[in-house]
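Colleague: Got a minute to go through this model with me? I'd like to hear the reasoning behind the labels.

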Amino acid sequence: MSTRYAGAAYNHASGTRGAFDGLSNQLEAEGHPPMVVLDGGREKADQLRIWYQRMTLTPGNRKVYGTAWWNGQKWYRIHPDAVGVPDTSNHEERRANDLAWPCNSNTAAHLRTQVLAKRHNITWQGMGFREWWRWTFWGALGAIGAAPAGGGGSVPIAPNLPEEDDLATLVTGGGRCRVPRPRRQTPPDSRADNTAPRSLITTIAPDSEA
């Protein structure tokens, strides 16, 4: 069946698309679900939109979750979800995919994906910054093309899902790891500095690391 896509998500680079298709097919052959991409290649305008939603130069009295430097200025993150600095994200480079359950949490499928991914020049990049769902292809990108008419989506999914470099907030505490599952997701509050709604969170067994 190869990789499936939710909404407008798509792998625009033929190399990335082929690698994830091969990995997804291997997982299916072993009895795991096919991979579902929630966020793949990203246009610069989309990266900038997310950046300006999450980051500000003037946080005022708002809670600050982190900082980053861009264009010689210090920016403050006023949203719990992280975002890559424009022009540095592997989503913009057409390499990264944020995957749906079961490849976004501590599952048997995730563990097996880590093993099989190496054969396709894919790694669980999210391990380095607490994102279970982030997987990245490191091979030749090949041709860059447009998504099919109407977007790449072949899987119905709730609209207005959180976007990240990163996808959704990881909440930890008390030795438990809580990671969003797509089937439980509902549209978040529209404010830029809100926390993730409780309906976006489901509890998963203790982790090793979104």
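What follows is a short back-and-forth on the sheets and the helix packing.

Modeller: Sure, and keep in mind that this is a predicted model.

Colleague: How do you know that β1 and β2 are paired strands?

Modeller: Pairing takes at least two bridges. β1 (residues 4–5) and β2 (residues 36–39) are joined by 2 bridges and run parallel, so they qualify as a pair. One place to look is arginine 4, whose bridge partner in β2 is valine 36.

Colleague: And what makes the pairing of the five-stranded sheet mixed?

Modeller: That open sheet has the order β1-β2-β6-β8-β7. β1 and β2 run parallel, whereas β2 and β6 (residues 96–99) pair in the antiparallel sense over 2 bridges, with valine 37 opposite leucine 99. β7 and β8 (residues 134–137) are antiparallel too, again over 2 bridges, and there isoleucine 122 has phenylalanine 137 as its bridge partner. With both senses present, the pairing is mixed.

Colleague: Why are β1 and β7 called edge strands?

Modeller: Because pairing needs at least two bridges, and β1 and β7 (122–123) each pair on one side only.

Colleague: Which hand does the β-α-β unit have?

Modeller: Left-handed: the unit is made by β1, helix α1 (residues 14–29) and β2. A right-handed one would run clockwise with the strands pointing away from you. Helix α1 also lies across β1, β6, β7 and β8, at about 120° to β8.

Colleague: Why is α1 called oblique to α3?

Modeller: The two helices pack at about 130°, their axes 10 Å apart, with α3 covering residues 108–117. Roughly perpendicular stops at 115 degrees and roughly antiparallel starts over 145, so α1 comes out oblique to α3. The crossing is right-handed.

Colleague: What makes up that contact of α1 with α3?

Modeller: From α1 come Leu23, Gln26 and Leu27, and they meet Ala109, Arg112, Thr113, Leu116 and Ala117 of α3. By class, the residues of this contact are 5 nonpolar, 2 polar and 1 charged.

Colleague: What about the other sheet, how do you know that β4 and β5 belong together?

Modeller: They share 5 bridges and run antiparallel, β5 being residues 73–77; the threshold is at least two, so β4 and β5 count as paired. Glycine 66, for one, has arginine 77 as its bridge partner in β5. The open sheet of 3 strands has the order β3-β5-β4 and is antiparallel, with β3 (55–56) and β4 (66–70) as its edge strands.

How values were computed
Residues numbered from 1 in each chain as written. Predicted model: local features only at pLDDT ≥ 70, side-chain atom pairs only at ≥ 80, totals over all residues. Heavy atoms only, no water. Helix = DSSP H or I, 4+ residues; strand = E, 2+ residues; numbered from the N terminus. Contact = heavy atoms within 4.5 Å. Axes fitted to C-alpha atoms, helices over the stretch in contact; angles between N-to-C directions. Parallel < 35°, antiparallel > 145°, perpendicular 65-115°, else oblique. Left-handed = near helix turned anticlockwise from the far one by under 90°. Nonpolar A, V, L, I, M, F, W, Y, C, P; charged D, E, K, R; others polar.
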